[in-house]
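Me: I've got this model open and I'd like a close look at one part of it. Could you walk me through the nonpolar core, and then point out any backbone oddities in the loops?

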Amino acid sequence: MKAIKNIAIIAHVDHGKTTLVDKILHHCNLFRSNETTGELILDNNDLERERGITILSKNVAVNYKDVKINIIDTPGHADFGGEVERVLNMADGVLLLVDAFEGPMPQTRFVLKKAIDLKLKPLVVINKVDKENCTPEQVHEAVFDLMFELGAEEWQLDFPTVYGSAKNNWMSTDWKQETDSVAPLLDMVLEHVPSPKIEEGNTQMLITSLDYSSFTGRIAIGRLQRGHLETNMKINLIKRDGSQLSSRIKELHLFDGLGRKKVERVAAGDLCAVIGLEGFEIGDTIADFEAPEALPTIAIDEPTMSMLFTINDSPFFGQEGKFVTSRHIRERLEKELERNLAMRLEETDAADKFIVFGRGVLHLSVLIETMRREGYELQIGQPQVIIKEIEGVKHEPIEELTIDLPEHVSGKAIEMVTLRKGEMLSMTPKGDRMVCEFIVPSRGIIGLRNQLLTATAGEAIMNHRFKEFAPFKGDIPGRINGSLISMEKGNAIPYSLDKLQERGKFFVAPNEEVYTGQVIGENSRGDDMVVNVTKTKKLSNVRAAGSDDKVKLAPPIKFSLEEALEYIQGDEYVEVTPSNLRLRKVFLDENERKRQASKAG
């Protein structure tokens with residue numbers, strides 16, 4: 001049997017994981033010399049390419065010096081922590097990637113803690129040593145301190161390190177000496193990552209992720225802990241609740257390069273994909289048919305945020321999407337629950353409204369963005385954090401927030417965070433920038449990014465991760481400005497927009513279609529205002545001075561999905577269709593809104 005090494009690559013978002021995997025694939029001659037592969041080969045879905053982040057973990061396998069190395073590329077964002085926790089179960093060692101300039105960041109801490117708790121051997125890669133003002137030695141010290149703080153054992157603290165630049169395709173044991181390939185990194189993997197420990201006993205495999213093929217249906221992926229698997233073998237599937245189902249394996253695949261190859265038999269220690277099983281979920285165990293034994297199932301961090309999903313009932317419904325009914329939305333959300341472990345779904349008393357729980361705004365907005373690209377139309381309510389009652393006291397989720405920004409605007413950022421009940425922990429100068437750390441309620445982070453970017457002219461870099469549930473911190477001031485609401489259905493006329501410009505900022509472009517009750521702008525004052533932007537200029541044959549002015553319009557503000565979700569108030573929805581994002585009031589009719597307000601009052 002060929003030697004196997006299973007490694008996961010973990011790092012803070014944007015420290016170069018996927019780029020490093022590219023270079024390893026090229027170094028192991030996975031492609032023909034004349035093949036065009038592009039960059040970030042593993043970030044293969046559109047959303048990942050557009051955002052420049054990894055969302056789903058991927059498996060690849062390479063051969064190096066007659067050893068098969070299974071590599072798992074993981075997301076770096078804490079909102080996808082559920083994804084990281086699952087796939088680390090398949091690895092024996094982790095490559096921890098750290099930026100030579102930034103050092104360990106909040107998500108580095110998050111993913112490293114998971115790896116240390118699972119007793120995995122860490123190998124450290126200090127990447128981007130070609131950056132100006134970088135400090136590889138200090139970063140190495142900082143990684144050691146972080147591991148010590150997270151309770152690493154002695155054999156974990158004795159970690160090997162390589163330095164280099166994945167982008168420029170080199171790694172070396174000394175950061176001052178540039179080499180010509182990533183071979184030193186792969187040699188370190190062969191030397192320090194333990195081979196899979198294979199225990200005595202019958203077949204056991206924990207299902208840690210899912211794939212789907214339109215030809216064969218759902219595919220179970222995991223690492224075979226002990227025993228072996230064969231095609232057509234009968235097995236027992238042990239569910240999370242302990243119940244058992246007997247099933248039969250139709251096909252087995254091993255990872256090979258970027259794809260998978262069909263095999264007849266899989267030995268313990270390898271990662272494989274099993275086809276033909278019915279009714280399995282992530283966290284179930286594939287066990288021996290005669291004497292089944294379950295493996296401990298996967299525990300996932302609980303959600304911290306919820307959003308209301310409902311059908312699109314605006315006057316423009318059904319114009320762009322294929323799937324618009326509550327049945328479509330329910331089926332799609334239930335399908336998502338199967339593979340997205342950190343998500344939960346709750347029914348409400350209305351048949352067309354669902355409450356979806358997730359790890360953060362990004363976690364849920366990726367799902368919404370995927371749905372709109374698949375042709376769904378839906379409306380989303382304001383994100384709400386989950387408030388728990390512990391021993392009779394209201395508790396809310398608290399996050400650690402790190403803001404990296406130019407020194408001269410740091411005062412403004414501190415003021416914004418403290419207004420939102422944030423407490424400052426530290427300020428560290430780095431060159432002409434400042435890194436500030438805070439503890440802040442999750443409620444305070446919603447909508448903060450937009451304000452911060454405006455205040456710092458787009459220079460601030462903000463990262464946060466969930467820390468714990470702590471006693472409720474009191475009210476946080478929300479959005480100060482009211483909304484401009486459309487009075488009529490029709491097209492936004494440039495003439496009207498021009499006349500209303502001093503009232504506030506607009507979200508709609510000239511000649512864009514609007515409907516009654518749609519939020520078309522932000523009022524410069526604190527209350528909502530109903531305006532008519534469909535009014536055209538009265539044409540008469542009498543010319544008057546000043547009536548033929550040129551119309552000068554400020555460009556409309558266009559929100560991304562996350563910005564829209566963070567912007568809306570409690571009485572507003574974001575309407576999401578395949579080609580448009582619109583903001584609207586929950587009650588489109590002005591009289592109905594007043595009635596509801598007086599009821600609530």
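Reply: Sure, and keep in mind that this is a predicted model. Let's start with the core.

The largest nonpolar core has 39 residues. If you want its best-connected members, pick out Ile10, Leu88, Leu96, Leu112, Val143 and Met147, which touch the most other members. Several elements feed into this core with at least two residues each: on the strand side β1 (3–11), β4 (93–99), β5 (121–127), β9 (217–226) and β16 (271–275), and on the helix side α3 (81–88), α4 (106–117) and α5 (136–149). The largest share is from α4, which puts in 5 residues.

Leu112 is a handy place to zoom in. Leaving aside residues up to four places away in sequence, Leu112 touches Ile10, Leu96, Leu146, Met147 and Leu150. Among those partners, Ile10, Leu96 and Met147 are also on the list of members with the most core contacts.

Now for the backbone. Asn169 has a phi near 65°, so a positive value in a residue that isn't glycine. You'll find Asn169 in the loop that links β6 (161–165) to β7 (170–172). With a relative accessible area of 30%, Asn169 counts as partly exposed.

Lys421 is another one to check: its phi is positive too, about 65°, and it isn't a glycine either. Lys421 belongs to the loop between α10 (410–419) and β25 (423–430). Its relative accessible area is 32%, so Lys421 is partly exposed.

How values were computed. Residues are numbered from 1 along each chain as its sequence is written. This is a predicted model: local features need pLDDT of at least 70, side-chain atom pairs count only at pLDDT 80 or more; totals for chains, interfaces and linings use all residues. Side-chain values use heavy atoms; hydrogens and water are left out. Helices (H or I, at least four residues) and strands (E, at least two) are DSSP runs, numbered from the N terminus. Buried means under 20% relative accessible area, exposed over 50%, partly exposed in between (1.4 Å probe, protein chains only). A nonpolar core is a set of buried Ala, Val, Leu, Ile, Met, Phe, Trp, Tyr and Cys residues joined through side-chain atoms within 4.5 Å. Contact means heavy atoms within 4.5 Å.
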